[in-house]
Amino acid sequence: MTPSILEKYAQVMVKYAINKGKGLIKKGENVRISYPIVAAPLGREIYKQVLLAGANPFVKVNDDQIELLQYRYSTDEQLTFFPKKYFKTMVDTYDLRISVIASEDVFLLKDVNPKKIMLSGKSMKEY
């Protein structure tokens with residue numbers, strides 16, 4: 001059976017691109033996989049390849065609409081909140097991370113105040 005293009009992309013990510021270009025996920029490693037809903041078919045292929053590599057995948061699916069709601073309705077205090085214990089646990093748990101960046105609508109945040117986006121990003125700097 002010939003691998004699909006998504007399967008080939010996932011194989012490249014898992015076997016070659018991850019780990020600062022050193023590639024190869026090792027058996028037993030914990031790998032965090034995050035991707036947006038729109039990239040779910042690719043995310044599933046990455047998940048499969050991580051399993052085939054013998055690693056332990058942890059998945060987070062992102063939703064563009066949630067991000068839009070965050071910027072529209074969050075206070076500055078909410079945007080700058082940094083859950084230190086949560087992120088420390090993540091850093092301590094995961095050996096590797098694969099993130100897919102994609103969007104259904106590249107203009108989704110066009111009406112959001114850029115200062116809110118910057119404020120939110122600034123709070124994540126520690127992570």
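**Exercise 1. How many bridges join β1 to β2, and which way do the two strands run?**

Before we start, a word on the model: it is predicted, so local features need pLDDT of at least 70, side-chain atom pairs count only at pLDDT 80 or more, and totals for chains, interfaces and linings use all residues. Residues are numbered from 1 along each chain as its sequence is written, and side-chain values use heavy atoms, with hydrogens and water left out.

*Solution.*
- Step 1: Helices (H or I, at least four residues) and strands (E, at least two) are DSSP runs, numbered from the N terminus; two strands pair if DSSP finds at least two bridges between them.
- Step 2: β1 and β2 are joined by seven bridges and run parallel.
- Step 3: For an example, look at Asn30, whose bridge partner in β2 is Asn56.

**Exercise 2. Work out the strand order of the open sheet and find its edges.**

*Solution.*
- Step 1: Add the other pairing, in which four bridges join β1 to β3, again parallel. Here Val31 stands opposite Leu96 in β3.
- Step 2: The three strands therefore take the order β2-β1-β3.
- Step 3: β2 (56-62) and β3 each have a single partner strand and stand at the edges, so one side of each is left without a neighbour in the sheet.
- Step 4: On average, neighbouring strands are turned by 15 degrees against each other, direction ignored (axes are lines fitted to C-alpha atoms, for helices over the stretch in contact, and angles run from 0 to 180 degrees between N-to-C directions).

**Exercise 3. Which side chains along β3 are buried, and which are not?**

*Solution.*
- Step 1: Buried means under 20% relative accessible area, exposed over 50%, and partly exposed in between (1.4 Å probe, protein chains only).
- Step 2: Leu96 and Ile98 point to one face of β3 and are buried, while Arg97 and Ser99 point to the other and are not.
- Step 3: Move to β1, where Ser34 is found. Ser34 counts as buried, at 6% relative accessibility.
- Step 4: Contact means heavy atoms within 4.5 Å. Leaving out residues up to four places away in sequence, Ser34 touches Lys60, Asn62, Ile98, Ser99 and Val100.

**Exercise 4. Find the members of the largest nonpolar core that touch the most other members.**

*Solution.*
- Step 1: A nonpolar core is a set of buried Ala, Val, Leu, Ile, Met, Phe, Trp, Tyr and Cys residues joined through side-chain atoms within 4.5 Å.
- Step 2: Of the 16 residues in the largest such core, Ile25, Val31, Ile46, Val50 and Ile98 touch the most other members.
- Step 3: Two or more residues come from each of α1 (5-17), β1 (30-36), α2 (40-52) and β3 (96-99). With four residues, α2 gives the most.
- Step 4: Take Val50 and skip residues up to four places away in sequence: among its contacts are Val14, Ile25, Val31, Ile33 and Ile98.
- Step 5: Tyr71, Leu79, Leu108 and Val112 are included in a second, separate core of five residues.

**Exercise 5. Which element gives the largest share of the lining of the largest pocket?**

*Solution.*
- Step 1: On a 1 Å grid over the protein atoms alone, a pocket is an open set of points where a 1.4 Å probe fits, with protein on both sides within 12 Å along at least five of seven lines; lining residues have an atom within 4 Å of a point.
- Step 2: The largest pocket is lined by 29 residues, and Lys60, Asn62, Glu67, Gln70 and Met124 lie nearest its centre.
- Step 3: The largest share of this lining, five residues, comes from α3.
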